[in-house]
Amino acid sequence: MINDRMRLQFHRPVDQVLGAAENSLDQHRGLDENSYLVDSDGNAYQPYSLAWRFLGLFIDCNENRRLEDGDAYCQRNVLWAAYNDEKYTGNSIGEYSFFDRSKDSWDSSTCRPKWNPFKRCQRLNCHEAGTHFKLVGVFKETEGMYDFTEQLFKHQGYCLWDGDKEEDESGDSGSQDNDDYDQTTSDYNFMQNLQANWIYECTELNYYDEDGNALYVDTKPQPGGTMTYGVYTDASCSTESTLTWADVVSKINNNGDNEYITTDSIDRWNDLLSDYKICQPCRAYNRVRTWDGSHDSDDSGSDDEEDGDDGEGAKERWGFNCYDDAGYQNCNQCYKFETQTNMQLASTEDLELATAQGTILAVTVDGERYGKSYYHAPGHTKHVIINILIALVSAAAVIGLAYFYYIKIWKRRLAESRNKGDGVWYELWTNKKSDTSSSAGSDESASSGEAHIDKQVLLDQIRMRDDKLAQQDKLIRKLKRKLASYKK
């Protein structure tokens, strides 16, 4: 059961009417009072330059909206954000790469033309903190989830969840579905069926607590933009019971009654809605080409204007067309939210209330951050750990190679080059004689040569002296013999 402090987080001031606040968010509305999706000059944005993402739900127990018994009615409001790519060049879907949440990576297969290595292939990244997209506004659906999901599923959801490929035996898929659940029904059919049976308002259950008190159920927003069913003790669905929806479903199923949505189905619902926590273009599209009209040439442009006032678009220039379940071609989903639901500009109080409840994804408005954390695909933490391990292994390999070089090569060269003067560092790294070493070697060779020449000269001089001495000795002996002959 929640405490009074938590209950207060569902309430806004008594004199505050939904959507009535004038605040800094209003500047994103533009000058055209008939549309939020216009620029500051009142001109409509090009549909393919617009993108959006789902932020989540929050509970608003508005004091000005009352039930028949006088209790304040606690509405579940949807929040979503629209963005504009100010650098859009007119190349429609062919200008963007899309985030594949099943692989936690970017898919650039839609970027066109393929032959052009300099084409703009911008990541559609408005769901990231460092996005280059400019915020157009944060909007809320004030009549609960039904209109929002009904418009989303039959238009953009039909092509993103491959409802248009159910009869395609090739198995090609735009969203490349990798859900772990039993795919006894397509994602689109599953979401449509669940949407038709979802409980959208506070509803009394055919089940009572242990004390015989009535229990109620309504959508319960959860962190990260997810949701489940909450079990409540009051008709406003503002005070939670100690029982969870899993408890109720378990008890009811044990009694043989399977009329309520299971927790497994809610998990699959949340998983598929995560496709819209990722940045999506406002213009419905297909990630599989449905026609080859352009043949990857720049000659076949497309008209990016709406056809009439119903949000339908012309053919996509590269053939990534969405023909939705309502019979529209490339419908502008953001336009449908504005014209077919009770969409209003979210006020600062709305965002503060949603942030206090801790249920919406992060969004930055006028430098102020609301919500908690940006969307990360399943497996993101695992991929981050793997990347860190790869970096550590690479660093260890570099260190190992450096150590091997030091032990096997550097130390040996250092020992050999220890007394070689200025040329030692060059010799250590290159194993080549430096200019200094070469010069020193040349000087040593010259000195050695000179020494060799001086020795030879000395030997020649000694030899000459010896020859002279021998001649003198010979002459002396001759004179002595002559002298001896005279004495006789």
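A residue is called buried here when its relative accessible area is under 20%, exposed when that value is over 50%, and partly exposed in between. With that cut-off in hand, helix α7, which spans residues 348-357, can be read as a segment in which T348, D350, L351, L353, A354 and Q357 are buried. The model is a predicted one, and what follows should be read with that in mind.

The overall picture comes before the details. The protein chain has 488 residues, of which 44% are buried, and its secondary structure comes to 10 helices and 13 strands. Its accessible surface is about 26,100 Å², with 49% of that area belonging to carbon and sulfur atoms. When contacts with a separation of 6 or more are considered, 65% of them join residues that are 24 or more positions apart.

Helix α7 offers a route into the details. Its residue D350 forms a salt bridge with K140, and the closest N and O atoms of the pair are 2.8 Å apart. This pair links distant parts of the chain, since K140 belongs to strand β6 (residues 134-141) and D350 to helix α7, with the two positions 210 residues apart. Both partners, K140 and D350, are buried. At the end of the helix, α7 is followed by G358, whose phi is positive, near 70°.

Another buried lysine is found in helix α6, which covers residues 333-340 and contains K336. Because its relative accessible area is 3%, K336 counts as buried. Leaving aside neighbours within four places in sequence, K336 is in contact with Q151, H155, D310, Y328, C331 and T341. The C-alpha atoms of K336 and L152 are separated by 8.3 Å, although the two residues are 184 positions apart along the chain.

A search of the whole structure finds 12 salt bridges, and the pair of K140 and D350 is one that has already been described. In another, the side chains of R120 and D85 meet at 2.9 Å, N to O. R120 lies in the loop between β4 and β5, whereas D85 lies in the loop between β2 (72-84) and β3, so this pair ties together parts that are 35 residues apart in sequence. The two partners differ in their cover, for R120 is partly exposed with a relative accessible area of 22%, while D85 is buried at 2%. The pair also belongs to a wider arrangement, in which D85, E95 and R120 are linked in a network of salt bridges.

The loops around strand β4 hold further backbone features. Most residues other than glycine have a negative phi, and most peptide bonds are trans. Against that background, D104 has a phi near 55°, a positive value in a residue other than glycine. This residue, D104, lies in the loop between β3 (96-100) and β4, and D104 is buried, with a relative accessible area of 17%. In the loop between β4 (105-107) and β5 (122-123) lies P113, and the peptide bond leading from R112 to P113 is cis, with omega near -5°. Elsewhere, C237 also has a positive phi, of about 55°, although C237 is not a glycine. The place of C237 is in the loop between β9 (227-232) and α4 (245-254), and C237 is buried, with a relative accessible area of 0%.

The remaining features concern helices α8 and α10. In helix α10, D473 forms a salt bridge with R477, whose closest N and O atoms are 2.0 Å apart. Being 4 residues apart in this helix, D473 and R477 are separated by about one helical turn. An α-helix has 3.6 residues a turn, so residues three or four places apart point the same way. Both partners count as partly exposed, D473 at 37% relative accessible area and R477 at 41%.

On the surface, K474, K478, R481 and K482 gather in a patch of positive charge. Of these, K482 is placed in helix α10 (residues 435-487), and at 42% relative accessibility K482 counts as partly exposed. A patch of another kind is formed by I385, I388, L389 and L392, which are nonpolar and together have about 380 Å² of accessible area on the surface. Within this group, I385 lies in helix α8 (residues 380-416), and I385 counts as partly exposed because its relative accessibility is 46%.

Note on methods. Residues are numbered from 1 along each chain as its sequence is written. This is a predicted model: local features need pLDDT of at least 70, side-chain atom pairs count only at pLDDT 80 or more; totals for chains, interfaces and linings use all residues. Side-chain values use heavy atoms; hydrogens and water are left out. Patches are made of residues with over 30% relative accessible area and no salt bridge: like charges are joined within 9 Å, nonpolar side chains (Val, Leu, Ile, Met, Phe, Trp, Tyr) within 5 Å. Accessible areas come from the Shrake-Rupley method with a 1.4 Å probe; for residues, only the protein chains shown count as cover. A salt bridge is a side-chain nitrogen of Lys or Arg within 4 Å of a carboxyl oxygen of Asp or Glu. Buried means under 20% relative accessible area, exposed over 50%, partly exposed in between (1.4 Å probe, protein chains only). Lys and Arg count as positive and Asp and Glu as negative; His and the chain ends are not counted. The place of a charge is taken as NZ of Lys, CZ of Arg, CG of Asp or CD of Glu. Contact means heavy atoms within 4.5 Å.
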